[in-house]
Amino acid sequence: MPVRTPSAARADLVADTALALLAERGMRGLTHRAVDEAAGLPQGSTSNVARTRQALLELAVRRLAEREARVLALEEMPDPRGGLDGLADGLALATHRSLTRHRALTLARYELALEATRRPELRAYFDATGRRFRDQLGALLTAAGSLAPGRHVLSLVAWADGLLFSCVAGSFNNEVPSLEEVRAGLRELLAGMSGP
């Protein structure tokens, strides 16, 4: 594991605090001053790390991508050549983690995604950080035998995002499906992708 410099550790603290504030208070609650207060930092510390609001949002997006990569752990997925059940198991575990232990991180992602619809410069940054996940998922699906990995990635991401949004912020926010229910839904989706 790389050694974190004091400035990198400070940037991570600022970004983690920004993500927590986004989940707790929404976009309006994210200010440089609020980050300083919530992180227990001297006033002006956040501005030293991220001078503008855009820089603070980009810092939060970068950290979100790092943390979600650890939650999803695509590099730990079973070998997709071993069958769709293993792939469904791995994806279900990652999705269920986002619904349960990392619910606030998921909510922060939706806040940032919505803000990106109003800020083209943030949209470009947000999309670029998400491309790594889509590329890895495409490689997994290709190895599993998908003949249309681009379309299948879109279907899988749309299914997972729909489930996550519904259960974190939507009309099913009090109903979190079990790991087995998530796994069953993914198996059905993946089975449809492998059909004729």
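Three exercises on pockets and one residue pair follow, each with a worked solution.

The model is predicted; local features need pLDDT of at least 70, side-chain atom pairs count only at pLDDT 80 or more, and totals for chains, interfaces and linings use all residues. Residues are numbered from 1 along each chain as its sequence is written, and side-chain values use heavy atoms, without hydrogens and water.

**Exercise 1.** Describe the largest pocket (on a 1 Å grid over the protein atoms alone, an open set of points with protein on both sides within 12 Å along at least five of seven lines; lining residues have an atom within 4 Å of a point).

Solution.
- Start with space: about 730 Å³, taken as the volume filled by probe spheres set on the points.
- Count the lining: 32 residues, with E68, L72, R109, G130 and F133 nearest the centre.
- Assign helices (DSSP runs of H or I, at least four residues): α4 (53-72), α5 (84-99), α7 (120-143) and α8 (149-168) each give two or more residues.
- Pick the main contributor: α7, with ten residues, has the largest share.
- Sort by class: 19 nonpolar, five polar and eight charged.

**Exercise 2.** Describe the second largest pocket.

Solution.
- Its space is about 230 Å³.
- Its lining has 13 residues; G145, S146, H152, M193 and S194 are closest to the centre.
- Helices α8 and α9 (179-193) each give two or more lining residues.
- By class, seven are nonpolar, five polar and one charged.

**Exercise 3.** Place E66 and relate E66 to T129.

Solution.
- E66 sits in helix α4.
- Its relative accessible area is 29%, so E66 is partly exposed (between buried, under 20%, and exposed, over 50%, with a 1.4 Å probe and protein chains only).
- T129 is 63 residues from E66 in sequence, yet their C-alpha atoms are 9.2 Å apart.

How values were computed
1 Å grid on protein atoms, 1.4 Å probe; cavity = no way out; pocket = protein on both sides within 12 Å on 5 of 7 lines; lining within 4 Å. Nonpolar A, V, L, I, M, F, W, Y, C, P; charged D, E, K, R; others polar.
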